[in-house]
Amino acid sequence: MHKHLKAVLELEDGTRFEGKSFGYEGSTSGETVFNTAMTGYPESLTDPSYEGQILVTTYPLLGNYGVPPQREKDDVSEFYESSGIHCRAIVAQDYSWDHSHWQAERSLDEWLKQEKVPGIYGIDTRALTKHLREHGSMLGRITVEGCEPVDFYDPNKENLVEKVSTKEVEIHGDGDKTVVLVDCGVKHNIIRCLTRRGVKVVLVPWDYDFNSIPYDGLFISNGPGNPDMVGKTVENIRKALQGDKPVCGICMGNQLLAKAAGAKTYKLKYGHRSHNQPVRKAGTDKCFVTSQNHGFAVDTTTLPDDWETLFTNMNDGTNEGIRHKTKPFFSAQFHPEASSGPKDTEFLFDDFISLL
């Protein structure tokens, strides 16, 4: 039998949602954001871009297919996007206490308990999401019955990239060409997508001066939080842009590349987190459905003359990628590596490799 302890999600404006606890029985706080994907909670929970955030899932059911095993293949996690959960908590309308999937090793409830991450279900996630859309992402805290409440915590006030980045240089894969991958909170599928294409990947910490080592191409990863906190990486990218070696960025990488070029970024009202964001490629009528997870965006009006928009979000017109007009530099705000989510734009890895 499951204990159905009461749990409350309280937002910084005083709005309260009462539900029941699953996973770890403890209090927590963070920035409350919503994701409209229908599947992929193991990938989302382990995505370092969710560091410091309370994840609200708009799909009404959670936990029905359990959690895959935590095992490594070629030095990266086989089914997860990092070595552990980065979300502060997860919020669902309903939790399935019975799970079924041929790859499932344990239940979501068991995994959350092991990782000490609270879950809350039995609340109206539609009303919560509408509230966040109207008022913007806001700080929240979850208090489980019998536990002391904690203070509100604002993850955007600290350098989350430093928190999640690797502390040492790692080598992945093998090949004639070497790609430096700057770890701002890299998803493991970016490493998989690069090594699968036959290149050697040198994964370096966020503040590492990669200009001091030989490489054929530079790749800047996704990551959590505010790009304004990541000045050291921007300085190193700026030096690289003086040369002609190919540069590609994903998500946070798009924002850092833009900042290195001289553009500005800003915080979105409630961000883009889903598998179903339509983006249009500049100069074409071609749209792609993309996986996204970001709370900040590039201000295209601040791009210098030698840069241009590469992709635009069809929902709100925000920037989804940039490219240099003459040099082999480009980036995407969305996730071409998907995981989870549509693989429609994985060709961007081929585009990058073909430039090396």
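How many cavities of 30 Å³ or more does the count come to here? Hi everyone, let's start with that one. The count comes to 3 cavities. Please keep in mind as we go that this is a predicted model.

Let's look inside the largest cavity. Its volume is about 150 Å³. It is lined by 19 residues, and those closest to its centre are Ser49, Gln53, Pro224, Gly225 and Gly295. If you want to find the walls on your screen, look for helix α7, residues 252–261, and the strands β17, 264–281, and β18, 287–299; these are the elements that each give two or more residues to the lining. The largest share, 4 residues, comes from β18. As for chemistry, the lining divides into 6 nonpolar, 9 polar and 4 charged residues.

Now the second largest cavity, with a volume of about 110 Å³. Here 15 residues form the lining, and Ser44, Asp47, Lys187, Ser291 and Gln292 lie nearest the centre. Two or more lining residues come from each of α1, which is 41–45, β17 and β18. Once again β18 is a name to remember: it gives the most to this lining, with 3 residues. The lining of this second cavity splits into 2 nonpolar, 10 polar and 3 charged residues.

So much for the empty spaces; let's turn to the packed parts. Which residues have the most contacts inside the largest nonpolar core? They are Leu218 and Ile220, in a core of 29 residues. Several elements supply at least two residues each: β13 (178–183), β14 (200–205), β15 (217–220), α6 (231–240) and α7. Of these, α7 gives the most, with 6 residues. We met α7 a moment ago, in the lining of the largest cavity.

Try clicking on Leu218. Leaving aside residues up to four places away in sequence, Leu218 touches Val180, Val182, Phe210, Ala240, Pro246, Val247, Cys248 and Phe352. Phe352 also turns up in a second, separate core of 26 residues, which includes Val199, Val201 and Phe334 too.

Next, helix α2, residues 108–115. Leu108, Asp109, Trp111 and Leu112 are buried there. Why are they on the same side of the helix? Because they cover an arc of only 165 degrees around the axis. A handy reminder: an α-helix has 3.6 residues a turn, so residues three or four places apart point the same way. The elements that cover these buried residues include β2 (16–23), α1, β5 (61–62), β8 (89–91) and β9 (94–95).

Just after α2 comes Lys116, in the loop between α2 and β10, which spans 118–121. Lys116 has a positive phi of about 60 degrees although it is not a glycine. Is Lys116 buried or exposed? Its relative accessibility is 57%, and exposed means over 50%, so Lys116 counts as exposed.

Compare that with Ala338, another residue other than glycine with a positive phi, near 55 degrees. Ala338 sits in the loop between β21 and α8. At 0% relative accessibility, Ala338 counts as buried.

One last stop, in that loop between β21 (329–332) and α8 (347–355), where we also find Ser340. A cis peptide bond joins Ser339 and Ser340, with omega about 0 degrees.

That's my tour. Thanks for listening!

Conventions:
Residues numbered from 1 in each chain as written. Predicted model: local features only at pLDDT ≥ 70, side-chain atom pairs only at ≥ 80, totals over all residues. Heavy atoms only, no water. 1 Å grid on protein atoms, 1.4 Å probe; cavity = no way out; pocket = protein on both sides within 12 Å on 5 of 7 lines; lining within 4 Å. Points joined across faces, edges and corners; volume = space filled by probe spheres on them. Nonpolar A, V, L, I, M, F, W, Y, C, P; charged D, E, K, R; others polar. Core = buried A, V, L, I, M, F, W, Y, C linked by side-chain atoms within 4.5 Å. Buried < 20%, exposed > 50% of the residue type's maximum accessible area, 1.4 Å probe, protein only. Contact = heavy atoms within 4.5 Å. Arc of directions from axis to C-beta.
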